Amino acid sequence: MGNLIISLEYPSGQRLELCHGDLTEETVDAIVNAANAHLQHGAGVAGAIARKGGPTIQAESDAWVQQHGPVPHHQPAYTTAGDLPSRFVIHAVGPVWGSGDEDHKLMAAIHGSLMRAEQLGLTSIAFPPISTGIFGFPTRRAAGVFLAAIQEYFAAHPESPLQLVRLTIIDQATLQPFRKAFHSHISGTA
């Protein structure tokens, strides 16, 4: 696990954590990949996951797209995690900034990932800051969407086997807006 920055516990006992670290080193049940619709894992988070996880992840991703077609925002794909310490990789397609209705699409990708984890019977999952890299989603805005989506999920699914959701961010420039959003949420000014 990365360096824990903030932990929020909800009335259901479910936890949301913000961590500084490398997503590919997380020992949770699943990590979320910030994927494109065709699951071609070449750059950014997707590239790091594919490199460290080995060829199995890309091969299973290609098979998924061949069987199911391009991945929509609300229904992430999943593969095994190859050589990574997690068991699964959930491939969520976030929006490209400027494509329209970006907040809704990001919310759908987050909710879809959480539902996919629940369907798989998982207890823990770690997300990167989906769409904030090459897809250009403003980081501060994405932080607000993440907090709202996860809080909504926990409120609607208090009996879910999913007990831990972690946001793992490797770079300080992206981490800072998320840290501020968490502090605002805690103080009730979000």
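A residue counts as buried here when its relative accessible area is under 20%. Serine 131, at 5% relative accessibility, therefore falls in the buried class. Keep that cut-off in mind, as it returns several times below. The model is a predicted one, and this report walks from its largest pocket to a helix beside it and then to a few residues in the loops.

**The largest pocket**

The largest pocket has a volume of about 530 Å³. Its lining is made of 28 residues, and those closest to the centre are Ala34, Gly44, Val45, Ala46 and Pro128. By class, 14 of the lining residues are nonpolar, 11 are polar and three are charged. Which elements supply at least two residues each to this lining? They are β3 (30–35), α1 (44–53) and β7 (164–169). Helix α1 gives the largest share, with five residues.

**Helix α1, side by side**

Since α1 contributes so much to the pocket lining, let us look at how the helix sits. Its buried residues are Ala46, Gly47, Ile49, Ala50 and Gly53. These residues lie on the same side of α1, because they cover an arc of only 165° around the axis. As a general point, an α-helix has 3.6 residues a turn, so residues three or four places apart point the same way.

What does the buried side pack against? The partners of the buried residues of α1 are β3, α2 (55–68) and β5 (88–93). On the face turned away from that buried side, the exposed residues Gly44 and Arg51 are found. Ala46 is thus worth a second look: it is one of the buried residues of α1, and it is also among the residues closest to the centre of the largest pocket. After the helix comes glycine 54, with a positive phi near 90°.

**Around histidine 41**

Just ahead in the chain, the loop between β3 and α1 holds histidine 41. Is this residue buried or exposed? Histidine 41 is buried, with a relative accessible area of 8%. Leaving aside residues up to four places away in sequence, histidine 41 touches Asn33, Ala46, Gly47, Ala50, Ile57, Gln58, Ser61 and His91. Three of these names, Ala46, Gly47 and Ala50, also appear among the buried residues of α1.

Two polar contacts involve this part of the loop. The side chain of histidine 41 reaches the backbone oxygen of leucine 39 at 3.3 Å. In turn, the side chain of glutamine 58 comes to 3.1 Å from the backbone nitrogen of histidine 41. Glutamine 58 belongs to helix α2 and is buried, at 18% relative accessibility. With residues up to four places away in sequence not counted, glutamine 58 touches Leu39, Gln40 and His41.

**Two positive phi angles outside glycine**

Most residues other than glycine have a negative phi. The table shows two residues that have a positive value instead.

| Residue | Phi | Location | Relative accessible area |
|---|---|---|---|
| Leucine 39 | near 55° | loop between β3 and α1 | 0% |
| Serine 131 | near 75° | loop between β6 (124–127) and α4 (139–156) | 5% |

Both rows describe buried residues: leucine 39 has a relative accessible area of 0%, and serine 131 stands at 5%. Leucine 39 also ties back to the previous section, as its backbone oxygen is the atom reached by the side chain of histidine 41, and leucine 39 is one of the residues that glutamine 58 touches.

Conventions
Residues numbered from 1 in each chain as written. Predicted model: local features only at pLDDT ≥ 70, side-chain atom pairs only at ≥ 80, totals over all residues. Heavy atoms only, no water. 1 Å grid on protein atoms, 1.4 Å probe; cavity = no way out; pocket = protein on both sides within 12 Å on 5 of 7 lines; lining within 4 Å. Points joined across faces, edges and corners; volume = space filled by probe spheres on them. Helix = DSSP H or I, 4+ residues; strand = E, 2+ residues; numbered from the N terminus. Nonpolar A, V, L, I, M, F, W, Y, C, P; charged D, E, K, R; others polar. Buried < 20%, exposed > 50% of the residue type's maximum accessible area, 1.4 Å probe, protein only. Arc of directions from axis to C-beta. Contact = heavy atoms within 4.5 Å. Polar contact = N/O pair within 3.5 Å; in protein donor to acceptor, adjacent residues only side chain to side chain.
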